[in-house]
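Visitor: I am new to this one. Please show me the structure, and then I will ask about it.

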Amino acid sequence: MYYKILKDKITSRKATVAIIGLGYVGLPLLIQFYRKGFNCIGIDIDKKKIDDIYKKKFEKNYFESIIKKKRKHSVKKLKQIKFSSNYTLISKADIIIMCLPTPIYKNKKPNLSLITNSLNKMSNFLKKGQLLSLESTVAPGTTNKVLGKFLQDKKKFKISEDFFLIYSPERENPVIKNIGQKFNFYNTPKICSGYSLKCTNLGAYMYSKILKTVVKTNSTKNAEMSKMIENVYRSVNIAFVNELKMLCHKMKIDIHEVLKLAGTKPFGFTKFKPGPGIGGHCIPIDPYYLLHEAKNYNFYSKFIDIALKTNEEVTKWCLKKTQKIFLKENIGKKGSKVLMLGITYKANIDDVRESPALKFFEYFKKRKINFDYCDPYILNIKHKNIHKKSIKLNYKLFKSYNAILLLTGHNIFNKNKIINNSNLIIDTRGFFKKYKKKKIYFI
Ligand SMILES: NC(=O)c1ccc[n+]([C@@H]2O[C@H](COP(=O)([O-])OP(=O)(O)OC[C@H]3O[C@@H](n4cnc5c(N)ncnc54)[C@H](O)[C@@H]3O)[C@@H](O)[C@H]2O)c1
């Protein structure tokens with residue numbers, strides 16, 4: 001009965017979708033449901049964020065264009081979207097999707113407290129007939145062990161009869177709008193798994209209303225593990241190429257040229273680019289979830305462990321190399337000034353979480369090296385006791401710095417203008433590889 005009622009509500013777009021956690025994952029998801037005609041509720045504990053979204057930026061950034069494009073989503077529809085920090089709204093939802101952070105503790109163990117706290121907060125407002133989907137990245141087994149157990153033991157639901165539980169990992173590529181990516185939310189296949197076949201089918205049906213391809217699997221463990229593999233794969237390969245960068249440096253071989261050559265093989269080789277280290281909420285964190293879970297099975301995953309360590313090591317290596325160049329070029333002392341260019345953890349995004357640039361900030365601050373940064377996507381930053389504002393992307397200003405330290409190369413950067421307006425460049429990514437004339441150090 002509940003299955004059919006919810007399925008019909010999804011078909012007729014009468015279902016109300018509540019997204020919990022309006023961050024990089026949750027907010028675009030909510031917008032997509034809204035675009036496709038669903039009533040939406042956005043819940044976030046960050047009251048300031050709710051305020052910003054509700055009153056100012058959200059309407060300007062998202063609704064204006066949606067309304068212009070889709071007249072049928074009239075202003076009337078606009079009123080059917082609610083943002084709040086109040087969990088009582090969960091009682092009005094048919095579908096609840098959790099997009100909460102899954103960080104690690106200082107000792108690197110998984111921290112699921114945000115998910116368990118959220119479950120406790122929504123507990124009184126959950127009711128029969130609802131569907132709960134988890135999109136956060138978690139170790140295999142978590143959906144059933146944590147959410148399933150909670151729904152059965154605490155709420156006494158009969159999952160797949162009077163309540164539905166889904167795990168569907170997020171795959172959004174967090175690239176800045178208008179950069180021209182091939183894959184977006186709509187055309188990136190989405191994996192959907194459920195507590196049972198019924199749950200999987202209902203979840204897949206729901207997601208099929210907002211995106212092109214849903215890939216079903218019957219076990220939530222499979223879906224959880226697939227997300228782990230995607231991120232560990234990146235961690236391991238980035239670590240490998242970063243290790244090769246350090247080796248090539250010793251061997252006086254140009255890693256970028258070598259990778260270009262290897263990349264001409266049309267099969268069996270995928271190119272990963274070396275850099276100053278890894279960042280973001282996924283690659284430096286998620287592998288710890290699997291590493292830790294493996295221990296519960298008495299298994300030590302060498303690859304995961306060594307990859308995490310190597311990716312930390314390469315940041316330290318880049319710092320040391322930078323310091324050596326400073327010594328050689330007499331930079332970093334009183335009177336000299338360095339500009340860090342691009343501080344996000346990868347190009348064309350507006351996210352500095354775990355970015356290696358933050359390690360550079362700390363290192364420079366500790367050694368009293370005078371520095372500014374320039375990143376059009378991060379206008380100001382507060383990290384530990386460091387508060388900085390980005391300088392404008394005005395290339396003429398670059399002349400006043402003794403060195404430009406390229407940490408991330410956004411597409412909007414004009415390489416020629418940077419080259420022509422800089423005294424010295426330290427490039428951690430091979431961004432200026434084609435430019436040989438100026439004083440450029442590749443590390
Ligand atoms: N960012 C990505 O590109 C990406 C990609 C794939 C998967 N993921 C995974 O998705 C999950 C969410 O990541 P994100 O990047 O969107 O995180 P985020 O930090 O950008 O957003 C999370 C939001 O949740 C809110 N929040 C925290 N606790 C809450 C609570 N108890 N109730 C309500 N709101 C709460 C925070 O205020 C924040 O706004 C993580 O597990 C992450 O690993 C992220």
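Guide: A polar contact is a pair of N or O atoms within 3.5 Å; within protein, one must be able to donate a hydrogen and the other to accept it, and residues adjacent in sequence count only if both atoms are side-chain atoms. This is a predicted model, in which local features need pLDDT of at least 70 and side-chain atom pairs count only at pLDDT 80 or more, while totals for chains, interfaces and linings use all residues. Residues are numbered from 1 along each chain as its sequence is written, and side-chain values use heavy atoms, with hydrogens and water left out.

Visitor: Which backbone oxygen lies 2.6 Å from a polar atom of the side chain of serine 136?
Guide: Start with the place: serine 136 is in the loop between β5 and α6. Helices (H or I, at least four residues) and strands (E, at least two) are DSSP runs, numbered from the N terminus. The partner of the serine 136 side chain is the backbone oxygen of leucine 100.

Visitor: Why does serine 136 count as buried?
Guide: Buried means under 20% relative accessible area, exposed over 50%, and partly exposed in between (1.4 Å probe, protein chains only). Serine 136 counts as buried because its relative accessibility is 4%.

Visitor: How many bridges join strand β5 to β6?
Guide: Two strands pair if DSSP finds at least two bridges between them. Strand β5 covers residues 131–134 and runs parallel to β6. Leucine 131 stands opposite phenylalanine 164 in β6. The bridges between β5 and β6 number four.

Visitor: What is the hand of the β-α-β unit that β5, helix α6 and β6 make?
Guide: Picture the strands pointing away from the viewer: a crossover is right-handed if the path from the first strand over the helix to the second runs clockwise. Here the helix is α6, residues 142–154. The unit of β5, α6 and β6 is right-handed.

Visitor: Which residues of strand β6 point the other way from Phe164 and Ile166?
Guide: In a regular strand the side chains alternate between the two faces of the sheet. Strand β6 spans residues 164–167, and all are buried. Phe164 and Ile166 point one way; the other way point Leu165 and Tyr167.

Visitor: Which residue in β7 stands opposite isoleucine 166?
Guide: Strand β7 covers residues 190–194. It pairs with β6 in the antiparallel sense, over two bridges. Opposite isoleucine 166 stands glycine 194.

Visitor: Why is helix α2 largely enclosed by the rest of the structure?
Guide: Count the residues of α2, which spans 26–35. Among the buried ones are Leu27, Leu30 and Phe33. Helix α2 is largely enclosed because the buried residues number eight of the ten.

Visitor: What is the distance from an oxygen atom of the ligand to an N or O atom in the side chain of aspartate 44?
Guide: A residue is near a molecule or strand if one of its heavy atoms lies within 4 Å of it. Of the 25 residues around the ligand, Asp44 is among those that come nearest, with Val25, Lys49, Tyr87 and Thr102. The distance at aspartate 44 is 2.6 Å.

Visitor: Which residue offers a side-chain N or O atom 3.1 Å from an oxygen atom of the ligand?
Guide: Backbone contact comes from isoleucine 45, with a polar atom 3.3 Å from a ligand nitrogen. The side-chain atom at 3.1 Å from a ligand oxygen belongs to arginine 353.

Visitor: Where is threonine 310, and which backbone oxygen lies 2.6 Å from its side chain?
Guide: Threonine 310 sits in helix α11, residues 302–329. Threonine 310 is buried, with a relative accessible area of 7%. The backbone oxygen 2.6 Å from a polar atom of its side chain is that of isoleucine 306.
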